[in-house]
Amino acid sequence: MPELDKTYSPAEVEARIYQRWLDDKCFEADPARVSDKRPAYSIVIPPPNVTGVLHMGHVLNNTIQDILARRARMMGKEVLWLPGTDHAGLATQNVVEKTLKKEGRIKHRDDLGREGLIAKIWEWKDKHGDIIIEQLKRLGASCDWSRQRFTFDDDYNRCVMSVFVDLYKKGLIYRGKRMVNWCPSSLTALSDEEVVMKPQNAVMYHFKVQVVEEPDTWLTIATTRPEVIPGDTAIAVNPKDERYAHLIGKHVRRPLPVENQALLPIVGDEHVDFTFGTGVLKVTPAHDKADFEIAQRHSLPVIDVMHPNGVLNELAGQDLGGMERFAARKRAAELLAEIGSLVKEEPYQNNLGYSERADVPIESRLSEQWFLKYPSVKESQDVVAKGEMKFHPDRWAKVYDHWLSGIQDWCISRQLWWGHRIPVWTKTIMGTHAEVNQLCIELVFDTEKQTSEQEIDSIGISINGTRFDDAAVMPYLDKDESNEIKEFTIQVCTANSRYEANLNKNGFTQDPDVLDTWFSSWLWPFATMGWTGDKEKDSLNPTLKAFYPTTDLVTGPDIIFFWVARMIMAGFEWMGELPFKNVYFTGIIRDKQGRKMSKSLGNSPDPLDLIARYSADALRFGIMRGAPLGQDVLFDEKNVELGRNFCTKLWNAARFRQMQGGSSETEINPALLSSDDKWILLRLNTAISEVTTALEDYRFSDAAAALYRFFWSEYCDWYIEASKAVLQGGDEKRKANTLAVIDFVLGHTLRLFHPFLPFITEELWNGMGFNADMPGDQGGRSIMTAPWPKPLDADELAHFGILPEDEKTANDKYETVVLGRGLKSTFNINKKVRFVLKPVQELPAHEIEVIRILLNAEPLDIAPDFSPTRGTPSALTPLGTIYLPLDGLIDVEAERARVGKEVAKAEAELEKVTSKLADENFTSKVPQKVLDEHQQRKTDWEEKLAKLREMLTALG
RNA sequence: GCGGCGUUAGCUCAGUGGUAGAGCGGCUGCUUUACACGCAGUUGGUCGGGAGUUCGAAUCUCUCACGCCGCACCA
């Protein structure tokens with residue numbers, strides 16, 4: 001076996017090992033291998049944006065998924081971790097458009113046109129779309145890359161279309177003129193979830209208007225948006241408001257535009273809060289959601305005074321028309337002042353909706369959009385409420401439930417080009433009913449080939465807003481047989497290419513809008529597995545059969561509504577069951593100061609840079625150690641450094657083992673086990689249990705901490721040091737046995753670490769020859785498939801002759817060493833020095849040698865009758881009193897001070913426990929167990945105090 | 001405004017009724033042949049404030065304060 005390099009070279013190792021895993025197809029899932037004995041484990045990646053680059057959030061999220069996937073493999077499961085990317089409509093279109101503009105290739109997207117721009121974006125995708133995928137590989141992600149999906153792949157597109165048609169036919173999708181959140185920068189509608197409220201320093205403008213019927217009465221109105229006054233169509237007051245109720249039905253003159261001061265009615269509406277402002281509300285139906293509702297209740301006209309891009313239009317009048325909305329606001333206030341209407345303006349703090357992505361204030365805007373009534377809401381709500389699907393941490397279940405209880409229809413259309421185009425064609429014709437009937441029949445049946453039932457099923461038609469459940473029988477349902485010529489608007493929804501051709505031929509035009517990106521991502525868990533929507537085909541799909549529903553989903557809580565909730569609904573709606581059994585919500589990565597990581601703050605480190613400087617393993621371990629369940633992660637590069645240091649420690653510990661020579665992994669002879677051997681085997685047992693349960697509970701940082709503690713503080717600091725007593729001795733049999741224990745522990749440790757540190761563990765697993773005796777598919781080829789460690793069971797412990805109290809034997813020894821080292825340090829001794837131990841009972845020679853080595857004592861004398869010189873530093877240990885004889889170097893005063901401190905401490909502790917035990921209130925009420933504990937404690941302190949006082953006396 | 005989470009050593013966090021802990025940092029010493037990305041030692045906390053329950057509270061209850069995150073939102 002070649003010797004391990006003196007220093008570990010992660011860059012070389014990580015690249016080589018990852019390539020080997022790929023070449024050996026280690027990550028590829030095969031549904032045919034799934035059986036009762038080999039259950040499936042699956043997880044779908046939250047698809048990153050194709051234009052994205054790896055950030056710390058991805059590192060956290062994907063490291064967790066990789067840990068889950070790798071452990072599942074080691075547990076003998078058939079694992080599918082399905083990767084892919086998201087086309088991310090708005091974000092991607094923005095990126096490409098911006099780049100083209102920057103390069104001076106276009107001024108506006110219209111320069112390219114729809115087809116041209118889409119072609120450019122595909123070019124971009126082909127060139128840059130896999131950047132993030134390659135970065136995930138650097139991190140060590142064990143995804144089945146052969147199944148990589150993209151939400152805009154042809155197959156995926158078919159899923160989106162078929163789902164749309166299905167929902168259309170179910171009557172859940174409709175087109176409607178509604179108030180929507182409009183982004184004047186991106187020029188598209190947004191869903192409620194894409195709007196974030198931000199506090200604003202605004203100005204409240206108060207202006208007065210005269211009641212036409214009562215010239216002496218003036219009303220003052222407060223508004224933050226004077227620029228939309230030209231769009232006012234009424235004034236509203238609360239009918240219960242005594243100040244104004246009598247004015248209802250009368251009129252005021254609208255101040256703007258100056259050339260068109262229209263008369264506005266005063267209406268009574270309960271919505272008006274008469275405690276707010278002046279209690280008089282101006283109603284601007286085209287630019288405010290609540291106002292629009294008032295307008296509907298009172299049949300008020302709607303005047304839209306703004307272009308989609310936020311510039312006021314001609315209806316705003318000659319002064320404001322053509323002005324940008326914020327400039328127009330200032331101008332409107334000036335105009336009010338000029339005509340003497342402005343009463344006052346004062347600073348005012350309010351909350352304003354912003355487009356999450358473009359970061360500009362959104363406009364409430366009346367427009368025609370496609371909406372979806374959410375499907376399978378009840379099932380989705382119940383499955384989490386009843387705990388059939390678990391959220392970790394579970395408090396997110398409440399958030400989820402709350403959102404589902406109050407959801408509004410989802411605005412799914414976007415005025416973009418990059419996305420799944422809405423599969424709806426419309427045509428308006430003048431004709432008789434019979435002619436419309438005939439046209440519809442031709443649309444459905446008039447194709448060259450015979451129309452199958454399935455195809456008829458793939459089309460939905462509505463005429464003049466009335467939707468028909470079954471397109472095939474639709475024409476016959478309508479009994480209107482008059483020959484009157486009317487206008488008919490025919491809307492056809494289909495994803496069938498034969499119909500599409502037919503529609504185009506017949507002069508139908510397709511809706512220009514595309515679907516919200518999330519309308520494709522909500523199908524991710526099954527659309528990525530080759531789902532078609534055809535029940536028969538899907539039931540024969542081995543991937544779906546084996547891996548759906550998936551086991552775990554790992555994502556951020558920020559997309560619980562955008563993505564998680566909707567995926568659950570989609571799962572129920574099309575697969576008839578939940579899409580995943582567990583959802584793990586990661587924390588949000590923040591910097592050391594607790595600020596969210598952002599590009600503008602520049603506080604987000606580049607993971608690739610961290611990998612280059614510290615290794616992927618180090619990054620993974622560092623971030624997992626600092627990521628407690630349910631809390632945000634305060635990222636500090638120190639953690640990555642700690643990860644790197646840990647990997648180095650692991651490497652060196654392995655090198656130490658290798659330098660001892662001997663054949664690897666021989667049988668352990670129970671008769672030759674020392675107390676140290678038994679101790680480390682027991683500690684290993686504890687570590688295995690702790691790590692296993694922590695991972696079962698998704699407590700990754702606890703698992704990492706347990707591993708760190710075990711390997712560094714227990715195995716390296718104590719066991720390896722203690723084992724040097726044997727390894728540097730002359731007993732070859734004992735030496736071989738110690739090496740066998742070391743190999744046993746190392747082999748288990750590497751496996752425990754593998755999910756966290758995939759690269760270095762693989763390198764050492766093979767480099768140290770741990771793979772040698774394993775079957776090929778169980779660790780022989782790769783540690784990836786080595787079995788997950790189990791603690792020694794009762795039989796095995798019995799076989800090794802290990803009893804629980806064996807831990808104490810070694811612990812007593814180590815405590816003795818710590819106390820001895822303390823003496824050395826107190827007296828500033830940093831060379832080998834003589835120690836004397838006055839033991840309470842006889843000690844085996846081997847134990848003495850271990851203590852000697854750990855203490856770096858030269859020599860360690862065991863002297864039951866030792867009588868120290870006056871002032872000799874000493875310490876009470878579980879094994880007896882240990883002395884540090886310092887001939888001629890004794891500082892009696894220093895030693896007295898030191899022992900005096902200990903006496904004081906013992907006295908204080910004794911006092912505490914004694915007074916407790918003297919309190920009848922205490923002794924009469926506490927359980928026996930607690931009482932015994934306290935009594936024992938009292939005895940211990942008494943003994944210790946007595947001995948310490950003796951020592952003090954001995955000092956004179 | 002409603003809801004959630006948090007407040008423990010300088011920093012990041014464990015600890016959920018019975019002797020306050022870890023890692024990092026700080027300080028001191030150490031070229032001990034696996035490792036200075038290391039070893040050894042050591043410093044450091046009236047557990048956010050107050051009240052209550054209890055023999056006993058970091059832990060349970062109430063209350064206040066502060067911080068973060070959702071949701072709602074009125075011109």
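A cavity here is a set of grid points where a 1.4 Å probe fits but cannot get out. Keep that in mind as we walk through this predicted model, where the count comes to four cavities of 30 Å³ or more.

## How confident is the prediction?

Chain A has a mean pLDDT of 87, with 96% of its residues at 70 or more. Its elements vary, however: strand β2 (residues 78-82) has the highest mean pLDDT, 97, and helix α13 (residues 474-477) has the lowest, 52. Where pLDDT is low, the predicted coordinates should not be read in detail. Helix α13, with its mean of 52, is the place in this chain to remember that.

## The two largest cavities

Let us begin with the largest cavity, which holds about 50 Å³ of space. It is lined by 13 residues, and those closest to its centre are H287, M306, E363, S364 and R365. Strand β14 (residues 363-372) supplies the largest share of this lining, four residues. By residue type, the lining of the largest cavity divides into six nonpolar, four polar and three charged residues.

The second largest cavity encloses about 40 Å³ of space. You can find it by looking for its lining: S674, D676, D677, Y719, A722, S723, V726, T738 and H846. Two elements, α23 (675-696) and α24 (700-727), each give two or more residues to this lining. Of these, α24 gives the most, with four residues. The residues around the second largest cavity divide into three nonpolar, four polar and two charged.

## A buried asparagine and its partners

Next, pick out N181 in strand β5 (residues 173-183). Is N181 buried or exposed? Its relative accessibility is 9%, and buried means under 20%, so N181 counts as buried. A polar contact of 3.0 Å joins its side chain to that of D192. Setting aside its neighbours within four places in sequence, N181 is in contact with T188, A189, L190, S191, D192, V195, I362 and E363. One of these contacts, E363, brings us back to the largest cavity, since E363 is among the residues closest to its centre.

The loop that follows β5 has a feature of its own. L187 lies in the loop between β5 and β6 (188-190), and it has a positive phi of about 55° although it is not a glycine. With a relative accessible area of 27%, L187 is partly exposed.

## Another positive phi

K25 is found in the loop between α1 (10-23) and β1 (40-44). Like a glycine it is not, yet K25 has a positive phi of about 55°. At 52% relative accessibility, K25 counts as exposed.

## Two cis peptide bonds

The table sets out two peptide bonds that lead into a proline.

| Peptide bond | Form and omega | Place of the proline |
|---|---|---|
| H392 to P393 | cis, near -5° | loop between β15 (390-392) and α10 (395-405) |
| Y548 to P549 | cis, near 0° | loop between α18 (542-547) and β24 (550-555) |

## Two helices to visit

Helix α21 (residues 616-625) is mostly covered, with nine of its ten residues buried. Which residues of α21 are buried? They are A616, D617, A618, L619, R620, F621, G622, I623 and M624. At the start of α21, S615 has a side-chain oxygen that reaches to within 3.1 Å of the backbone nitrogen of A618.

Finally, turn to helix α9 (residues 377-385), where D382 has its place. At 23% relative accessibility, D382 counts as partly exposed. How far apart are D382 and D401 in sequence and in space? They are separated by 19 residues in sequence and by 8.9 Å in space, C-alpha to C-alpha.

Methods:
Residues numbered from 1 in each chain as written. Chains lettered and ligands numbered in written order. Predicted model: local features only at pLDDT ≥ 70, side-chain atom pairs only at ≥ 80, totals over all residues. Heavy atoms only, no water. 1 Å grid on protein atoms, 1.4 Å probe; cavity = no way out; pocket = protein on both sides within 12 Å on 5 of 7 lines; lining within 4 Å. Points joined across faces, edges and corners; volume = space filled by probe spheres on them. Nonpolar A, V, L, I, M, F, W, Y, C, P; charged D, E, K, R; others polar. pLDDT = per-residue confidence, 0-100. Buried < 20%, exposed > 50% of the residue type's maximum accessible area, 1.4 Å probe, protein only. Polar contact = N/O pair within 3.5 Å; in protein donor to acceptor, adjacent residues only side chain to side chain. Contact = heavy atoms within 4.5 Å.
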